[in-house]
Structure formats: structure tokens, C-alpha cells
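This report concerns the strand architecture of a protein model and selected residues within it. Please consult the sequence and the coordinates alongside the text.

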Amino acid sequence: MWQHTNKNFHSKSVYKTLKTCGVNTKLYSMAALRKPENISIGDLCSIDDFSFINGGQETIIGNRVHIASFTSIIGGGQTLIEDFSSLAAGCRLITGSDEC
């Protein structure tokens with residue numbers, strides 16, 4: 001696991017709350033994670049400040065994924081973001097809905 005000494009990143013204890021976390025992954029300190037026990041993040045990922053991720057039923061983020069600032073992954077469903085993907089700044093990914 002990546003060892004950060006920079007205060008721009010979450011502490012090691014936050015990384016440990018994730019279901020899994022790959023090497024050299026950066027979780028910026030202002031990124032919000034809900035249900036981290038349902039979130040798996042691969043290697044060499046970057047989760048920028050002011051992004052929000054709800055682990056829902058299950059959230060899998062592949063290797064070399066960039067989630068830009070002000071991105072939200074919400075809805076409480078299942079999510080798979082595959083390797084070498086990116087979510088642009090301000091996008092919203094809705095993983096589930098109460099609507100039929």
C-alpha cells in the first residue's frame with residue numbers, strides 16, 4: 001500500500017476500511033467514502049478531492065482509474081468501473097433507483 005506523508009491524502013487508517021485497495025492508489029483527503037467496506041479499488045488509481053463514493057451493494061474500481069473532483073457515485077446499487085477508465089469532473093453515476 002502507498003505510504004503518504006502528504007496531508008493532501010487520507011490517512012492509512014482510511015485505506016484499511018476499504019474492502020481492498022491496490023498499490024500506489026491516492027485517495028485525496030477531501031474525497032468522501034460511504035460504506036467503504038463495499039468498495040474495492042485497484043492499483044494506481046486516483047480519487048480526487050470533493051468526489052463522493054457510496055459503496056452501495058458493491059463498488060469495484062479497476063486499475064489505473066481516475067475519478068475527478070466533484071464526481072458522485074450514488075444510488076446504493078452495484079458498480080463496476082473497469083481498468084484505464086476515468087470519470088470526468090462533476091459527473092454523476094447513479095447505481096440504483098427506487099423507480100421501476
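The following account treats two sheets, a salt bridge, a surface patch and several loop residues in turn. The structure is a predicted model.

**The sheet containing E7**

One open sheet consists of four strands in the order E1-E4-E7-E10, and the pairing is parallel. Strand E1 (20-21) and E10 form its edges; each has a single partner strand, so one side of each is left without a neighbour in the sheet. Strands of a sheet pair through backbone hydrogen bonds, either parallel or antiparallel.

Within this sheet, strand E4 (residues 39-41) runs parallel to E7 and is joined to E7 by three bridges. Ile 41 has Ile 61 in E7 as its bridge partner. On to strand E10 (residues 78-81), E7 makes four bridges, again with parallel direction. Here Glu 58 is placed opposite Gln 78 in E10.

In a regular strand the side chains alternate between the two faces of the sheet. Strand E7 shows this pattern: Thr 59 and Ile 61 are buried and point to one face, whereas Glu 58 and Ile 60 point to the other and are not buried. Strand E10 also alternates, with Thr 79 and Ile 81 buried on one face and Gln 78 and Leu 80, which are not buried, on the other.

**The salt bridge at Glu 58**

How many salt bridges are counted in the model? The count comes to one salt bridge. Lys 19 and Glu 58 form a salt bridge, and their closest N and O atoms are 3.8 Å apart. Lys 19 belongs to the loop between helix H1 (12-17) and E1, while Glu 58 belongs to strand E7, so the pair ties together parts that are 39 residues apart in sequence. Glu 58 has 27% relative accessibility and therefore counts as partly exposed.

**The sheet containing E6 and E9**

Another open sheet of four strands follows the order E3-E6-E9-E12, with parallel pairing. Its edge strands are strand E3 (32-34) and strand E12 (92-94), each of which pairs on one side only. From one strand to the next, the twist averages 10 degrees. Strand E6 (residues 52-54) and strand E9 (residues 72-74) run parallel and are joined by two bridges. Phe 52 stands opposite Ser 72 in E9.

**The nonpolar surface patch**

Which residues form a nonpolar patch on the surface? The patch is made of Met 30, Phe 50 and Phe 70, which together have about 340 Å² of accessible area. Met 30 is located in the loop between strand E2 (26-27) and E3. With 48% relative accessibility, Met 30 counts as partly exposed.

**Loop residues and their contacts**

The table collects the accessibility of four loop residues.

| Residue | Relative accessibility | Class |
|---|---|---|
| Met 30 | 48% | partly exposed |
| Val 65 | 1% | buried |
| Thr 71 | 1% | buried |
| Asp 83 | 41% | partly exposed |

Val 65 sits in the loop between strand E7 (58-61) and strand E8 (66-67). Is Val 65 buried or exposed? At 1% relative accessibility, Val 65 counts as buried, because buried means under 20% relative accessible area. Apart from neighbours within four places in sequence, Val 65 is in contact with Leu 44, Cys 45, Ser 46, Ile 81, Glu 82, Asp 83, Phe 84 and Ser 85. Val 65 and Phe 52 are 13 residues apart in sequence, and their C-alpha atoms are 15 Å apart in space. For Val 65 and Asp 83, 18 residues apart along the chain, the C-alpha separation is 6.2 Å.

Asp 83 itself is in the loop between E10 and strand E11 (86-87). With residues up to four places away in sequence not counted, Asp 83 touches Gly 62, Asn 63 and Val 65. The value of 41% relative accessibility places Asp 83 among the partly exposed residues.

Thr 71 is part of the loop between E8 and E9. At 1% relative accessibility, Thr 71 counts as buried. Leaving aside neighbours within four places in sequence, the contacts of Thr 71 include Phe 50, Ser 51 and Phe 52. The contacts of Thr 71 also include Leu 87, Ala 88, Ala 89, Gly 90, Cys 91 and Arg 92.

Terms used. Residues are numbered from 1 along each chain as its sequence is written. This is a predicted model: local features need pLDDT of at least 70, side-chain atom pairs count only at pLDDT 80 or more; totals for chains, interfaces and linings use all residues. Side-chain values use heavy atoms; hydrogens and water are left out. Two strands pair if DSSP finds at least two bridges between them. Axes are lines fitted to C-alpha atoms, for helices over the stretch in contact, and angles run from 0 to 180 degrees between N-to-C directions. Patches are made of residues with over 30% relative accessible area and no salt bridge: like charges are joined within 9 Å, nonpolar side chains (Val, Leu, Ile, Met, Phe, Trp, Tyr) within 5 Å. Accessible areas come from the Shrake-Rupley method with a 1.4 Å probe; for residues, only the protein chains shown count as cover. A salt bridge is a side-chain nitrogen of Lys or Arg within 4 Å of a carboxyl oxygen of Asp or Glu. Buried means under 20% relative accessible area, exposed over 50%, partly exposed in between (1.4 Å probe, protein chains only). Contact means heavy atoms within 4.5 Å.
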